[in-house]
Amino acid sequence: HEMVNKMESFMVSSRPFTLRDYTIHNLSRDIDIPVYQLSPIIKSYYNSNFNTWMNKFRVEHFIRISQEEEKKELTLDAIAREAGFFNRTTFTNAFKKEKGTTPGQYLKTLTSVQ
């Protein structure tokens, strides 16, 4: 699906999910796909709404950057903000929804494997 590829590649290359007030209207403008088309694509292809879809990218980004050596000294909150979460509750809830556990527990499982 061409529009899905366009959306995914933009999300990966530009990381708009790290911006505090990024909306579906911003995405629409940035990738030149009207909102009336974006919303149903996110719903049908990802079985999600825009905010949940964005949080999925934020959670994956959080996990990725939390493993970087220079981030090891940062708090989970600081890393979460860098990943685009600006509210601890939203971050924790989104993380649990994606990974089935808290961010702290998840990161402990990653470090125990290494």
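At what angle do helix α4 (residues 50–66) and helix α6 (residues 88–99) pack, and how far apart are their axes? The views below, all taken from a predicted model, begin with this pair of helices.

**View 1. Packing of helix α4 against helix α6.** In this predicted model, the two helices, α4 spanning residues 50–66 and α6 spanning residues 88–99, pack at an angle of about 90 degrees, and their axes are 9 Å apart. That angle makes α4 roughly perpendicular to α6, since angles of 65 to 115 degrees are placed in that class. On the α4 side the contact is formed by Thr-52, Asn-55, Lys-56, Val-59, Glu-60, Phe-62 and Ile-63, which meet Thr-90, Phe-91, Ala-94, Phe-95, Lys-97, Glu-98 and Lys-99 on the α6 side. Sorted by residue type, the contact of α4 with α6 comprises six nonpolar, three polar and five charged residues.

**View 2. The aromatic cluster that includes Tyr-46 and Trp-53.** Searching the whole structure gives ten aromatic pairs. In the pair formed by Tyr-46 and Trp-53, the ring centres are 5.4 Å apart and the planes stand at 50 degrees, so the pair is tilted. Both partners, Tyr-46 and Trp-53, are buried. Through ring pairs, these two residues are linked with Phe-17, Tyr-45, Phe-50 and Phe-57 into a cluster.

**View 3. Arg-58 and the ring of Phe-85.** Here a charged group is shown together with an aromatic ring: the charged end of Arg-58 sits over the ring of Phe-85, at 5.9 Å from the centre of that ring.

**View 4. His-61 and its contacts.** His-61 is found in helix α4 and has a relative accessible area of 4%, so this residue is buried. When residues up to four places away in sequence are not counted, His-61 touches Arg-15, Phe-17, Thr-18, Glu-82 and Ala-83. Of these contacts, Phe-17 also belongs to the aromatic cluster of the second view, while Arg-15 is taken up in the next view.

**View 5. Ser-14 and Arg-15, from helix α1 into the loop.** Ser-14 lies in helix α1, which covers residues 2–14, whereas Arg-15 lies in the loop between α1 and α2 (24–31). Ser-14 counts as partly exposed because its relative accessibility is 40%, and Arg-15, with a relative accessible area of 40%, is likewise partly exposed. Although Arg-15 is not a glycine, this residue has a positive phi of about 50 degrees. Leaving aside residues up to four places away in sequence, Arg-15 touches Phe-10 and His-61. Two C-alpha separations place these residues within the fold: Ser-14 and Asp-30, 16 residues apart in sequence, are 9.9 Å apart in space, and Arg-15 and Glu-73, 58 residues apart along the chain, are separated by 23 Å.

**View 6. Asn-47 in the loop before helix α4.** Asn-47 is found in the loop between α3 (35–46) and α4, and at 62% relative accessibility this residue counts as exposed. Asn-47 is not a glycine, yet its phi is positive, at about 50 degrees. The residue just before Asn-47 in the numbering, Tyr-46, is by contrast buried.

How values were computed: Residues numbered from 1 in each chain as written. Predicted model: local features only at pLDDT ≥ 70, side-chain atom pairs only at ≥ 80, totals over all residues. Heavy atoms only, no water. Phe/Tyr/Trp six-rings, centres within 6.5 Å; stacked < 30°, edge-to-face > 60°. Buried < 20%, exposed > 50% of the residue type's maximum accessible area, 1.4 Å probe, protein only. Lys NZ or Arg CZ within 6 Å of the ring centre and 35° of its normal. Axes fitted to C-alpha atoms, helices over the stretch in contact; angles between N-to-C directions. Helix = DSSP H or I, 4+ residues; strand = E, 2+ residues; numbered from the N terminus. Parallel < 35°, antiparallel > 145°, perpendicular 65-115°, else oblique. Contact = heavy atoms within 4.5 Å. Nonpolar A, V, L, I, M, F, W, Y, C, P; charged D, E, K, R; others polar.
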